[in-house]
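This report is meant for someone meeting the structure for the first time. Please look over the sequence and the model before reading on.

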Amino acid sequence: MDQKQQQQRNMNMNVKKKMKLGSKRSRLAFGILLGLFIVMNFWMLSRIQDSKSSKSVSLPQELRKMSKGKKPHKTAYARLLYKAAHALAAQNENKEPKDLWLEPYHAVASSWQPCAHQRVWRPSEGNNGYILVTANGGINQQRVAVCNIVAVARLLNATLVIPTFMFSSVWRDTSQFGDIYQEDYFIDYLKPDIRIIKELPKELRSLDLEAIGSVVTDVDVAKEAKPSFYLKHILPLLMKNGVIHFVGFGNRLASDPIPYHLQRLRCRCNFHALQFTPKIQATAALLIQRMRQNATHSGLLDENLVGPFAKSKEEKKELQAYREIHFPGLVQLNNITKIPLPERLKAEGLCPLMPEETVLMLAGLGFKRNTRIFLAGSHIYGGKSRLNALTTLFPNMVTKENLLSSSEIEPFLNFSSQLAALDFITSTASDIFAMTDSGSQLSSLVSGYRVYYGGGKMPTIRPNKRRLADIFLRNDTIEWIVFETRIRKAVRQNKRVFSRPVGRSVYRYPRCSECMCNTQEANLPIRPR
């Protein structure tokens, strides 16, 4: 090996060392393929102006082994990874597609502007009784539950007590509403809509709510229940007992049909009323600045995010043991429910992308090797070894553990929901957001937030996973140039701009008259429906 090769090899080793995942791991669990695989929910991409590493890159030793059939343990798609490495090494300044970082339908997308803050009704007096709610799930399920219960409180003319969050054996987080969101801001912002208080009046605190029949669980309320259900069954109970406690309240309010301004209230809650605490905003602002290399971005998105801080058999056995530890409830469901074979789920596009598949997709789309990629969360099945080949292709792949010092991240380490809030903010602020899971609540909320505040300038990659599955099945035979063409087509197909389909969530699809105003349409007055 000559001196130049030795220098290049040392350079590569230094890059990998710098990008090495920290030893402190978050407890946040990621998107689940029906309990069969755990992956990153989403990836944040950020451009780097310095392009030196894309000009001349020698193939690392690990990928050389792949090309000779000596693939490392648990490295899927070794042949395609090797071809991707060749393609990235050969990239020049003009290789990256010119529209890669742009919203393809900017003119149409930018015509939709936020308007959920507009109100045309009087404040609710909330004199029919009090509503308590204990939301279950992780931070994203809890966020949806909060906005749904706000709408229910308005519907029933009830006073809402600040929501509480149920402790979960999976998330193991004791964080409550005030640890994640600004309570006073929430109360004040929604004051023109509903009455919110921090705790029940003293005379009601001693009531045995279960004994008087005022405890309502998920079993009592059907998923996607219509407003008529609440008016028929919950309102009489509320007026009789003066208080209702929804326990485990999740996705218990239908997306449609909902009265026009009640739907707008849900949007107002999600996109305006829920502001993260200064502690979370300040740390998330650090993450955003470091991902952007201290470049400043302005606009509504940053202001609302950070406020003033602008499978082999052996692998299956290991994965089963992993699931039993981290997701016991899912294992129990698997034991009593017949779950389709993973091969069938993958062919139907119902599986999250594996880390290898995600990186291959990014390479196939034309992203340069020096693109900064943010992995939301840091807990992945297979651990650090699973990421070795990936960081070889894209060495500027980081997590919040890499970007923050130990003292900066330490206050969040025992609180998975607060860690997830950092991921939410950082991913939402990214130049490009890639949805690689099967449509989790987290990726849905992130993509919806980017649509609402992005002004048509915040592209999101929503790959057609059914087509991707077919492409990856040809791993052993497909040539790279064909792979690139088919990958780009599979992603381009899902970049259309459209209004919210009936029955779909306003949190993920806010392009509707209840949440956003289309400036290309006639300027008509807002009116109830």
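The sections below go from the chain as a whole to its cores, cysteines, salt bridges and some points along the backbone.

## Overview of the chain

The model is predicted, and the values given here are computed from it. Its chain has 529 residues, of which 54% are buried, and it is built with 23 helices and 15 strands. The accessible surface of the chain comes to about 24200 Å², and carbon and sulfur atoms account for 52% of that area.

## Nonpolar cores

The largest nonpolar core holds 88 residues, and the members that touch the most others within it are Phe186, Tyr230 and Phe246. Helix H5, which covers residues 139-155, supplies the largest share of this core with 10 residues.

When neighbours within four places in sequence are set aside, Phe186 is in contact with Val146, Val150, Ile162, Pro163, Phe177, Ile196, Cys269, Ala273 and Leu274. Separate from the core around Phe186 there is a second core of 36 residues, whose members include Leu100, Ile432, Ile471 and Phe483.

## Cysteines and disulfides

Two disulfides are counted in the model. In one of them Cys115 is bonded to Cys517, with the sulfur atoms 2.3 Å apart, and because the torsion about this S-S bond is about 105 degrees, the disulfide is right-handed. Its two ends differ in burial class, since Cys115 counts as buried at 1% relative accessibility, whereas Cys517 counts as partly exposed at 27%.

The other disulfide joins Cys267 to Cys515, with an S to S distance of 1.6 Å, and both of these cysteines are buried. If the bonded cysteines of the chain are numbered in sequence order, the pairing reads 1-4, 2-3. Cys512, by contrast, is in no disulfide, and the nearest cysteine sulfur, which belongs to Cys515, lies 3.9 Å away. Because the cut-off for a disulfide is 2.5 Å between sulfur atoms, that distance does not qualify. Cys512 is itself buried, with a relative accessible area of 7%.

## Salt bridges

The structure holds 16 salt bridges. In one of them Arg268 pairs with Asp193, the closest N and O atoms being 2.8 Å apart. Arg268 belongs to helix H10 and Asp193 to the loop between helix H7 (183-189) and strand E8 (196-197), so this pair ties together parts that are 75 residues apart in sequence. Both partners are buried, Arg268 with a relative accessible area of 1% and Asp193 with one of 0%.

Another salt bridge links the side chains of Arg292 and Asp302, at 2.7 Å from N to O. Here Arg292 lies in the loop between helix H11 (278-291) and helix H12 (300-306), while Asp302 lies in helix H12, so the parts tied together are 10 residues apart in sequence. Arg292 is buried at 9% relative accessible area, and Asp302 counts as buried at 6%.

The side chains of Asp423 and Lys400 also meet in a salt bridge, at 2.9 Å from N to O. Asp423 is found in helix H20 (residues 416-428) and Lys400 in helix H18 (residues 400-403), so the pair ties together parts that are 23 residues apart in sequence. Asp423 counts as buried at 0% relative accessibility, and Lys400 is buried with a relative accessible area of 0%. Elsewhere, Arg79, Lys83 and Glu479 are joined into one network by salt bridges that share partners.

## Loops and backbone details

Arg508 sits in the loop between helix H23 (480-492) and strand E15 (516-518), and at 18% relative accessibility it counts as buried. Leaving out residues up to four places away in sequence, Arg508 touches Met435, Gly439, Ser444, Ser447 and Gly448.

The peptide bond from Asp256 to Pro257 is cis, with omega near -10 degrees, and Pro257 lies in the loop between strand E10 (243-249) and helix H10 (260-273). Asn157, a residue other than glycine, has a positive phi near 55 degrees; Asn157 is found in the loop between H5 and strand E6 (159-161) and is partly exposed, with a relative accessible area of 21%. Glu224 likewise has a positive phi, near 60 degrees, and it lies in the loop between strand E9 (215-217) and helix H9 (227-241), where it counts as partly exposed at 31% relative accessibility.

Notes:
Residues are numbered from 1 along each chain as its sequence is written. This is a predicted model: local features need pLDDT of at least 70, side-chain atom pairs count only at pLDDT 80 or more; totals for chains, interfaces and linings use all residues. Side-chain values use heavy atoms; hydrogens and water are left out. A nonpolar core is a set of buried Ala, Val, Leu, Ile, Met, Phe, Trp, Tyr and Cys residues joined through side-chain atoms within 4.5 Å. Buried means under 20% relative accessible area, exposed over 50%, partly exposed in between (1.4 Å probe, protein chains only). Helices (H or I, at least four residues) and strands (E, at least two) are DSSP runs, numbered from the N terminus. Contact means heavy atoms within 4.5 Å. Accessible areas come from the Shrake-Rupley method with a 1.4 Å probe; for residues, only the protein chains shown count as cover. A salt bridge is a side-chain nitrogen of Lys or Arg within 4 Å of a carboxyl oxygen of Asp or Glu.
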